[in-house]
Amino acid sequence: MKISRDKVVSLHYELRVHGDKQTETSRDGDAVSILHGHGGVIPGLEQALEGRVAGDRFSATIEPAQGYGDYVEQAPKRVPIKHLVRPGKLSVGKSVMVNSNEGRFTGTVVKVGRFNVDLDLNHPLAGKTLDFDIEIVDVRDATTEEIEHGHAHGPGGAHHH
Ligand code: ZN
């Protein structure tokens with residue numbers, strides 16, 4: 001079965017920022033399940049998966065425009081520490097989530113004050129070229145419920161039922 005819209009894809013991945021040695025991988029846990037064609041992954045990865053079958057192993061290099069977008073130079077945003085979700089110990093470079101009137105957003109700490117933090121609101125992978133190594137573990141038809149929800153259920157997918 002080939003990967004196309006409304007298939008659920010289970011895969012393992014290794015991800016490196018181009019030029020870095022550090023690798024992020026799914027291999028220490030379950031394969032990741034994705035409902036294909038619903039924007040659950042970055043556009044470049046979705047394109048790279050199209051038409052693949054279970055057992056395929058391949059590499060894909062994804063430019064920022066097809067990844068997390070370009071890095072936008074902007075003034076850091078000052079946020080009260082009390083608006084952070086479980087801030088823990090704050091330090092420069094830490095990724096945090098903010099509860100605000102407009103919903104939740106994430107940022108990277110660039111400065112820690114007594115009552116406020118300054119956050120860089122770019123995605124941590126904005127402006128980065130990404131090297132993926134992918135192994136397709138399984139491809140199946142999505143259920144009606146998964147298509148309605150816009151994400152995969154079961155191991156490696158959403159667990160909210
Ligand atoms: Zn769901």
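## Contacts and overall form

In this predicted model, residues 24 or more positions apart account for 61% of the contacts in the chain with a separation of 6 or more. The chain has 161 residues, and 36% of them count as buried. Its accessible surface comes to about 9,800 Å², and carbon and sulfur atoms hold 48% of that area. Along the principal axes, the C-alpha atoms fill a box of roughly 55 × 40 × 25 Å.

The chain contains 2 helices and 10 strands. Read from the N terminus, the elements follow the order β-β-β-α-β-β-β-β-β-β-β-α.

## Strands that pair with E10

Strand E10 covers residues 130-141, and strand E1 covers residues 7-17. The two run antiparallel and are joined by 11 bridges. One residue pair shows where they meet: Arg16 has Asp131 in E10 as its bridge partner.

Strand E4, residues 57-62, also runs antiparallel to E10, and 6 bridges join the two. Within this pairing, Arg57 stands opposite Glu135 in E10, and the bridge partner of Ala60 in E10 is Phe132.

## The two faces of E4

In a regular strand the side chains alternate between the two faces of the sheet. Strand E4 displays such an alternation of its side chains. Phe58, Ala60 and Ile62 point to one face and are buried, whereas Arg57, Ser59 and Thr61 point to the other face and are not buried. Two residues already named in the pairing with E10 can thus be placed: Ala60 belongs to the buried set, and Arg57 points to the other face.

## The open sheet of five strands

Strands of a sheet pair through backbone hydrogen bonds, either parallel or antiparallel. An open sheet of 5 strands in this model has antiparallel pairing, and its strand order is E5-E9-E8-E7-E6. Strand E5 (77-80) and strand E6 (84-85) stand at the edges; each has a single partner strand, so one side of each is left without a neighbour in the sheet.

Strand E7 (residues 95-100) and strand E8 (residues 103-112) are antiparallel and share 6 bridges. A hairpin of 2 residues joins E7 to E8. Among the residues of this pairing, Ser95 has Thr108 in E8 as its bridge partner, and Val96 stands opposite Gly107 in E8. E7 is also joined to E6, by 2 bridges and in an antiparallel manner. In that pairing, the bridge partner of Val85 is Met97 in E7.

## Asp118 within strand E9

Asp118 lies in strand E9, which covers residues 116-120. Is this charged residue buried or exposed? Asp118 has a relative accessibility of 11% and therefore counts as buried, because the cut-off for a buried residue is under 20%.

Which residues does Asp118 touch, not counting those up to four places away in sequence? They are Pro76, Lys77, Arg78, Thr108, Val109, Val110 and Lys111. Thr108 is also the bridge partner of Ser95. Pro80 is 38 residues from Asp118 along the chain, and the C-alpha atoms of the two are separated by 8.9 Å.

## The largest pocket

Rolling a probe the size of a water molecule over the atoms shows where empty space is left. The largest pocket holds about 260 Å³ of space. It is lined by 14 residues, of which Tyr13, Val41, Leu45, Tyr68 and Phe132 are the closest to its centre. Strands E1, E3 (32-35) and E10 each give two or more residues to this lining. E1 gives the most, with 3 residues.

By residue type, the lining of the largest pocket divides into 12 nonpolar, 1 polar and 1 charged. Phe132, one of the residues closest to the pocket centre, is also the bridge partner of Ala60.

## The second largest pocket

The second largest pocket holds about 150 Å³ of space. Its lining consists of Leu15, Arg16, Val17, Asp20, Gln22, Thr23, Glu24 and Leu125. E1 and strand E2 (23-25) are the elements that give two or more residues to this lining. The largest share, 3 residues, comes from E1.

The residues of this lining divide into 3 nonpolar, 2 polar and 3 charged. Arg16 of this lining is the residue whose bridge partner in E10 is Asp131.

Definitions and conventions:
Residues are numbered from 1 along each chain as its sequence is written. This is a predicted model: local features need pLDDT of at least 70, side-chain atom pairs count only at pLDDT 80 or more; totals for chains, interfaces and linings use all residues. Side-chain values use heavy atoms; hydrogens and water are left out. On a 1 Å grid over the protein atoms alone, a cavity is a set of points where a 1.4 Å probe fits but cannot get out, and a pocket is an open set with protein on both sides within 12 Å along at least five of seven lines; lining residues have an atom within 4 Å of a point. Grid points are joined across faces, edges and corners, and a volume is the space filled by probe spheres set on the points. Helices (H or I, at least four residues) and strands (E, at least two) are DSSP runs, numbered from the N terminus. Ala, Val, Leu, Ile, Met, Phe, Trp, Tyr, Cys and Pro count as nonpolar, Asp, Glu, Lys and Arg as charged, and the others, Gly among them, as polar. Two strands pair if DSSP finds at least two bridges between them. Buried means under 20% relative accessible area, exposed over 50%, partly exposed in between (1.4 Å probe, protein chains only). Contact means heavy atoms within 4.5 Å. Accessible areas come from the Shrake-Rupley method with a 1.4 Å probe; for residues, only the protein chains shown count as cover.
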